[in-house]
There are 2 protein chains.
Amino acid sequence: MLGQCSRRWHTVVMDVIQGAKERVRAEVAAAIKGEARRQLAAEGAARLSLRAVARELGMVSSALYRYFPSRDDLLTALIVDAYDAIGQAAESARAAAGATDPLRAWADVCRAVRAWALEHPHEYALIYGSPVPGYAAPQDTVGPASRVALVLLAVAEAAHDAGVLAEPDLPAADCDSVVAEDIRQLLDQPDRTLPGRVAPRLAAAWAQLFGLISFEVFGQFNRVIDDRDALFGKAVVALAQQVGLRPAGAGAQA
Amino acid sequence: MLGQCSRRWHTVVMDVIQGAKERVRAEVAAAIKGEARRQLAAEGAARLSLRAVARELGMVSSALYRYFPSRDDLLTALIVDAYDAIGQAAESARAAAGATDPLRAWADVCRAVRAWALEHPHEYALIYGSPVPGYAAPQDTVGPASRVALVLLAVAEAAHDAGVLAEPDLPAADCDSVVAEDIRQLLDQPDRTLPGRVAPRLAAAWAQLFGLISFEVFGQFNRVIDDRDALFGKAVVALAQQVGLRPAGAGAQA
DNA sequence: TCTCAATGAGAGCAGTGCTCTTGCACTGAA
DNA sequence: TTCAGTGCAAGAGCACTGCTCTCATTGAGA
């Protein structure tokens with residue numbers, strides 16, 4: 001009894017110690033990531049240097065490889081964080097907008113995504129600019145990467161549920177072949193109400209939204225567009241209409 | 001007389017030699033650029049190395065600095081080339097489409113730009129991905145960079161001249177403040193017929209077009225969209241309608 | 001007490017962009 | 001013909017990079 005008890009207590013202590021070690025390890029990894037993010041924001045992904053990160057943290061560069069097996073892995077971690085941050089911004093904007101006016105929610109989400117991008121240009125470039133490492137995004141990034149798209153999808157779905165989403169007048173089979181299998185399965189889930197036929201329009205709007213943001217962040221609008229707030233506002237409404245969102249008060253559609 | 005004649009002949013010879021030297025110099029520079037372009041297409045801008053270019057050309061790396069003062073200058077030259085190439089593709093498509101059907105010309109230009117991007121992903125990433133050198137595009141790039149936009153503008157102008165361009169129902173003053181001074185001057189030139197009020201819509205469509213292309217080239221459509229041809233085709237028509245282009249045969253607009 | 005895994009330190013390798021000096025070849029003029 | 005000037009390539013070298021290897025320390029488990 002006592003032996004059993006002490007053994008159990010022992011394993012608890014082991015677990016605590018194990019947990020402490022893991023926590024320390026996680027904290028060091030977080031510190032590395034934090035410093036790397038600082039350098040990324042300051043200088044851009046191209047100038048992010050493992051040795052500089054280690055130097056700033058008072059470690060030697062080789063010690064850093066105990067936590068991230070390569071520079072690309074560190075970059076991947078930053079990519080995941082950036083996707084999560086921009087996704088979080090989109091989700092917060094949708095939550096704040098409420099469910100009463102889908103068109104307003106759409107515009108608010110777009111604005112929030114744009115605002116995040118303008119505040120974090122280098123991190124934005126990391127995820128929506130040229131893909132730096134290799135060319136194949138690691139599997140860890142696909143989940144976080146889809147958060148913004150899922151918010152846009154949720155807004156469209158809310159509009160559909162409220163009866164203010166105009167469905168495209170295309171045959172359903174025509175749309176089904178456009179989207180990939182994964183997305184078809186996603187839309188076929190029982191709790192989803194959004195008709196699959198709007199998926200292509202939504203995907204196009206999604207891409208076009210980031211086209212507007214990228215041109216602004218990457219400087220293509222320099223000496224071309226002055227009032228970028230106004231342009232973005234108008235374009236976002238046009239995008240919503242393209243998806244089928246009608247202004248609130250327009251009632252049900254044909 | 002003879003002295004004068006021989007002196008003149010002498011200067012001619014000098015000019016010839018001078019020209020030959022300059023031609024040799026230009027040829028070496030072109031060879032460097034060519035090899036750099038090969039490496040860029042094969043490996044991407046991040047892996048483009050001056051030393052590797054020099055090695056491949058059988059020169060020593062320091063000799064290369066006689067022709068391009070820095071790696072960024074070589075990259076800038078490649079950027080200008082890429083802008084020229086994609087602009088050329090757009091111009092050719094417009095020329096081939098003719099002036100009869102503006103909507104078709106619009107779609108053809110968009111398709112040509114997309115095709116070029118998919119054929120030259122690394123060069124596309126260089127010009128429409130994250131800006132690599134510094135963050136400020138050198139002045140040499142602004143001209144070539146605007147070629148695609150000018151083609152889209154010309155298509156819209158042709159549509160206007162043919163009476164199939166729906167003008168936005170916004171006050172002109174509202175649009176004037178959106179676009180930058182340079183563009184206002186461009187549109188105010190006497191030989192331009194396009195109303196300045198469509199400029200914001202055109203700029204938005206321009207950015208959104210490259211959003212669609214970037215998502216495809218950079219892999220954001222992986223596992224999301226299968227039939228990208230179809231999606232792009234539909235989106236481009238929607239973009240044209242957003243600008244105000246009506247299908248041929250729709251006649252003059254309100 | 002001994003063992004072993006985790007960690008960090010340091011040296012070192014191959015590669016990078018870039019600078020500087022040196023020497024060669026060729027030019028125009030004395 | 002000789003000589004100063006010029007453009008060019010070669011090579012050494014600097015400071016930096018990502019990454020690998022070995023070695024010493026440390027601390028927990030048997």
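Reader: What makes a residue count among the buried 40% of the 254 residues in chain A?

Author: A residue is buried if 20 or more other C-beta atoms lie within 10 Å of its own, exposed if 12 or fewer, and partly exposed in between, with C-beta atoms placed from the backbone. Buried residues make up 40% of the 254 residues in chain A. The model is a predicted one, in which local features need pLDDT of at least 70 and side-chain atom pairs count only at pLDDT 80 or more, while totals for chains, interfaces and linings use all residues. Residues are numbered from 1 along each chain as its sequence is written, and chains are lettered from A and ligands numbered from 1 in the order in which they are written.

Reader: Why is A:L202 called buried?

Author: A:L202 has 21 other C-beta atoms within 10 Å, so this residue is buried. A:L202 belongs to helix α11 of chain A; helices (H or I, at least four residues) and strands (E, at least two) are DSSP runs, numbered from the N terminus.

Reader: What makes A:L152 a residue that A:L202 touches?

Author: Two residues are in contact if their C-beta atoms, placed from the backbone, lie within 7 Å. Not counting residues up to four places away in sequence, A:L202 touches A:L152, A:L153, A:A156 and A:V243. The C-alpha atoms of A:L202 and A:R184, 18 residues apart along the chain, are separated by 13 Å.

Reader: Why does A:R223 count as partly exposed?

Author: A:R223 has 14 C-beta neighbours inside 10 Å, and therefore counts as partly exposed. This arginine is in the loop between α11 (199–217) and α12 (228–243) of chain A.

Reader: What is notable about phi of A:R223?

Author: Phi of A:R223 is near 60 degrees, a positive value in a residue other than glycine. Most residues other than glycine have a negative phi. In chain B, phi of B:R223 is also positive, near 60 degrees. B:R223 is partly exposed because 14 other C-beta atoms lie within 10 Å.

Reader: Which residues come nearest to DNA strand D, and what makes a residue near?

Author: A residue is near a molecule or strand if its C-beta atom, placed from the backbone, lies within 6 Å of it. Of the 19 residues around DNA strand D, A:S49, A:S62, A:S70, A:R71 and B:S62 come nearest. The element that gives the most to this surface is α2(A), with 3 residues.
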